[in-house]
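Trainee: I have a structure open in front of me and would like to learn how to read it. Could we go through it together, one question at a time?

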Amino acid sequence: MPFSDIDTWVFDLDDTLYPASSNFFPQVAERMGLYVAETFDLPLDEAKLEQRRLFLEYGTTLSGLVAEHGIEIDAYARFLMQVDYGRIPRNPALVDAVARLPGRVLVFTNGFREHAHACLDQLGFPPDSFEAIADIRTIDFKPKPRPIAFETFFAEHRVDPTRSIFFEDSPRNLRTAKDLGMKTAHIVTDTAWGNMGLEDGDGFIDHSVVDLSTFLTDTVLTNV
Ligand SMILES: [Mg+2]
């Protein structure tokens, strides 16, 4: 059975546990640009370029802000979270399917734990549906897809990658996951980010997932 050897189910958060079609995440990205504009007193278009540079150079905007400017992390998290979480649709089918997975269930995100809690709450997950939320602090601001991010996550949460599967919308992150021994499930989206890294094929993707709750219910839970 394809999933019977899996004992740890790992989920990215943004555009994975809630759909990219909700158009929720662009609000957060907008706040990142606004933060740079306000903090460094730049016009918004210049700030967006600077934010893009930090993102490309460090993997997340936050990692760049920490490395180059030593910003106050909790305040940045609060600033980003001034968005409409109501755009995330409740998903009882997903909540039910995740609860039925045999084994451990974790979130592994480049974002903030408090943001993850807000998203999970909006989706309708009861508290403690996930054993842990590994966030950007857990991985010491060294984000996915860097191997060190995964290695820190595995060590911190005692995860055997060869007995785990990673659900994630970023192909670049899945490539590292596969290199390190995880099974991979790609959440298909039409975002630029969700297609970046597919240029050289998809040999590192074990499963392509169009709808996460349908996939868990019809393909995973019938094969564990
Ligand atoms: Mg994501």
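Trainee: Let me start with a single residue: in which loop does Asn23 lie?

Mentor: Happy to help, and please keep in mind that this is a predicted model. To place Asn23, look at the elements on either side of it in the sequence: strand 1 covers 8–11 and helix 1 covers 25–40. Asn23 therefore sits in the loop between strand 1 and helix 1.

Trainee: What is the phi of Asn23, and how much of the residue is accessible?

Mentor: Most residues other than glycine have a negative phi. Asn23 is not a glycine, yet its phi is positive, at about 60°. Buried means under 20% and exposed means over 50%, so a residue between those limits is partly exposed. Asn23 counts as partly exposed, because its relative accessibility is 45%.

Trainee: Asp41 also has a positive phi. Where is Asp41 found, and is it buried or exposed?

Mentor: Asp41 has a phi of about 55°, although it is not a glycine. It is found in the loop between helix 1 and helix 2 (44–58). With a relative accessibility of 70%, Asp41 counts as exposed.

Trainee: Which peptide bond is cis, with omega near 5°?

Mentor: Most peptide bonds are trans. Here the bond to look for leads into Pro145, which is found in the loop between strand 3 (132–134) and helix 7 (147–157). The cis bond runs from Lys144 to Pro145.

Trainee: Now the metal, please. Which residues coordinate the magnesium ion?

Mentor: The donor atoms are at 2.1 to 2.2 Å, and they include an OD atom as well as an O atom. In sequence the donor residues follow the spacing D-x1-D-x154-D. The residues are Asp12 (OD), Asp14 (O) and Asp169 (OD).

Trainee: How many residues apart in sequence are the parts tied together by Asp12 and Asp169?

Mentor: Both residues coordinate the magnesium ion. Asp12 lies in the loop between strand 1 and helix 1, while Asp169 lies in the loop between strand 4 (164–168) and helix 8 (171–179), so this pair ties together parts that are 157 residues apart in sequence.

Trainee: Are Asp12 and Asp169 buried or exposed?

Mentor: The cut-off for buried is under 20% relative accessible area. Asp12 has 6% relative accessibility and so counts as buried. Asp169 has 2%, so Asp169 also counts as buried.

Trainee: Let us turn to helices. What is the orientation of helix 1 to helix 4?

Mentor: Helix 1 and helix 4 (residues 73–80) pack at an angle of about 130°, with their axes 9 Å apart. Their crossing is right-handed. The angle makes helix 1 oblique to helix 4.

Trainee: Which residues meet there, and how many of them are charged?

Mentor: From helix 1 come Val28, Arg31, Met32, Leu34, Tyr35 and Glu38, and they meet Tyr76, Phe79 and Leu80 in helix 4. These residues divide into 7 nonpolar, no polar and, as the number you asked for, 2 charged.

Trainee: How many polar residues are in the contact of helix 5 with helix 9?

Mentor: Helix 5 (residues 92–99) and helix 9 (residues 212–220) pack at an angle of about 40°, and they are therefore oblique to each other. Ala93, Leu94, Ala97 and Val98 in helix 5 meet Leu212, Ser213, Leu216 and Thr217 in helix 9. The residues of this contact divide into 6 nonpolar, no charged and 2 polar.

Trainee: Which elements do the buried residues of helix 3 pack against?

Mentor: The buried residues of helix 3 (residues 61–69) are Thr61, Leu62, Ser63, Gly64 and Leu65. Just after helix 3 comes Gly70, with a positive phi of about 55°. The buried residues pack against helix 1, helix 2 and helix 4.

Trainee: One last question: what covers the buried residues of helix 8?

Mentor: In helix 8, the residues Pro171, Asn173, Leu174, Thr176 and Ala177 are buried. Helix 8 is followed by Gly181, whose phi is positive, near 105°. What covers the buried residues includes helix 7, strand 4 and strand 5 (183–187).

Technical notes: Residues numbered from 1 in each chain as written. Predicted model: local features only at pLDDT ≥ 70, side-chain atom pairs only at ≥ 80, totals over all residues. Heavy atoms only, no water. Helix = DSSP H or I, 4+ residues; strand = E, 2+ residues; numbered from the N terminus. Buried < 20%, exposed > 50% of the residue type's maximum accessible area, 1.4 Å probe, protein only. Donors = N, O, S within 2.8 Å, 3.2 Å for Na, K, Ca; no water. Axes fitted to C-alpha atoms, helices over the stretch in contact; angles between N-to-C directions. Parallel < 35°, antiparallel > 145°, perpendicular 65-115°, else oblique. Left-handed = near helix turned anticlockwise from the far one by under 90°. Contact = heavy atoms within 4.5 Å. Nonpolar A, V, L, I, M, F, W, Y, C, P; charged D, E, K, R; others polar.
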